[in-house]
Each structure stands twice: as C-alpha cells, then as structure tokens.
Amino acid sequence: MKKIMRFQPWAKPILVLVMAVIPVIVLSGCSTAAQTDSITADTTGVFNHFFIYPLSFLIKFFADAFHGNYGLSIMLMTFIIRLAIMPLMMNQTKKQMDMKEKMTVIQPELTALQEKYKNDVSTDAKKQQQAEMMQLYQKHQFNPLSMGCLPMLLQWPITLAFYYAIRRTPEIAAHDFLWFSLGQTDMILPFIAAAVYFVQFRLSQSASTQNQPNPNNQMAFIGLLSPVMMGVFSFGMPAALPLYWVVGGIFIIVQTILLNKMYTKPHATVKNLPTGVEE
C-alpha cells in the first residue's frame, strides 16, 4: 500500500500561510534592499542575464510596439507570464479537486472518529485518534499535504524576475498610465490590489471548502493577512508594481473560475460508507 506522509492537523494551514506570505515579504524586502541599477545585456549574474534582462527587454519591446505605453506593456507581459504558468496551475487544480472528492468520501468516518474521542482528552486518546486517522487516510489513499505546492514554487523565480525587471527598467518611471505615474506611488492602486487578492482568496477557498461543515479560522486569517500585506506594501512602491499585481490577480480570478468549471464533476455520486469506526 502506498505510504501516506504523517502530519499534524495544524500542518496544512501553517504551510499554506507560509506559502502565501513569503512572496509578499520577499518582494517588500526587495523594494528597499535590492539593487535598483538599470539592467542591461552586460549585467553580470545568471539570474540577471537569463531571467531579469530578457523580461526587461520584452517590456521595452512591447512598449515600443504600443507607441511608448509601458502600462499596456506590463499588462501584456503579465498576461503572457500567467498564461505560461497556467499548465502548472491546471495540474494543481486537478489534484485539489481529486483531494476534495476523497475528502467528501472520508468525511463521515472522520466525523465518527471525532465523536468517538470527543470526551476523552487524555494524551493516549489523542495519540490513538491520530493513529486511527492516519489509518483512515491510508485506507482511502488520501494525503492532506498533497495539495500541489510545486507550481507555486516553480513560478516564484519568474514572478520575482519580472518584479526586478520592472524596478530595473528606468524607462518605465518616466511614463504615465491611466491616472497615475508608473514611477511614483499611487493612493488608489494599493486598495485595488488588496481587493483583488482578497477576492482571489475567497474564490479559491469557496471552491476548496465546499461541503466542509466546519470553517477553518486559520485559513480565514490568511485570507485577511495576505491582501492587507499586499495593499500596505503597495503604498511604498512605484505604481508599476501594484499594476502588475492587480492584472495578475484578475487573471488568477478568471483562471480559478474556468479551472473549477473544468475539473468539478457535477452531480458526483458518493458511495455510502459506514459511519462508524471499528473499535
């Protein structure tokens, strides 16, 4: 039988929290601590040469094609990057939907297990409950940690490189887009960025927690923390960066809606399982 990774009940929410918050912290730290010199073809460093410079070149290329409109160039580049990452997200969504279906099947037995030990708070009882829960997961080949974090890890170098490309392309700062200057902070975009990322989180959570009777307060906390941090850090950054985050967030919202429709099985029938757990 395929082995299931042992974990503690609090492991998954904390893992998601780390995965959600670390990119924001890294990018915010980069805004003050990172190099901000212009990127050129002669800039040394593997990451500079193979990641940042090509993206900076494409930003300027598309801006020239749009008659100097760097705002449209950033939007188009964001769309292209997200489109390139989309196959990874499709695989992640499929795994999450499969895990959700398994969780629906396991839920009656999990409820019975919780009822069995709800009045016993001893250490031995907790250990026994944990052991029986792991046996239940093994029985159904269910791994709560297999939610697919690899796509998020793989896209970090690309999104981080695009972040640097925007900061280290000085031509961007000299242009305006819509109502704001791309090189100056804006007082409206941070609120839009925070709202977009909050909607994105709520949408993803509504899909993943459907049919789950007990809401997860830790996940709700993440839903508030990540957008708030995104909005706060955006107040101290050139408007080109919140623009990038807003466009990327809107893309992810549309992507989430489409992928959920693609991989959700309507009117799926669940086999009746015994509601009790063997003593």
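## Helix α3 and its partners

Lys116 and Glu132 form a salt bridge, with their closest N and O atoms 3.2 Å apart; the term requires a side-chain nitrogen of Lys or Arg within 4 Å of a carboxyl oxygen of Asp or Glu. The pair links distant parts of the chain, as Lys116 sits in helix α3 and Glu132, 16 residues apart from Lys116, in helix α4 (residues 123–139). The structure holds one salt bridge.

This is a predicted model, where local features need pLDDT of at least 70 and side-chain atom pairs count only at pLDDT 80 or more, while totals for chains, interfaces and linings use all residues. Residues are numbered from 1 along each chain as its sequence is written, and side-chain values use heavy atoms, leaving out hydrogens and water.

Now to α3 itself (helices are DSSP runs of H or I, at least four residues, numbered from the N terminus). At its N-terminal end, Asn69 acts as a cap. Further along, α3 bends by about 45 degrees at Ile106, with Pro108 following within four residues; the bend is the angle between axes fitted to the seven residues ending there and the seven starting there.

Here are two N–O distances involving α3 or its cap:

| Atoms | Distance |
|---|---|
| Asn69 side-chain oxygen to Gly71 backbone nitrogen | 3.2 Å |
| Lys116 to Glu132, closest N and O | 3.2 Å |

Finally, the axes of α3 (residues 70–117) and α8 (residues 240–263) come within 8 Å and cross at roughly 35 degrees, with axes fitted to C-alpha atoms over the stretch in contact and angles running from 0 to 180 degrees between N-to-C directions.

Definitions and conventions
Helices (H or I, at least four residues) and strands (E, at least two) are DSSP runs, numbered from the N terminus. A polar contact is a pair of N or O atoms within 3.5 Å; within protein, one must be able to donate a hydrogen and the other to accept it, and residues adjacent in sequence count only if both atoms are side-chain atoms.
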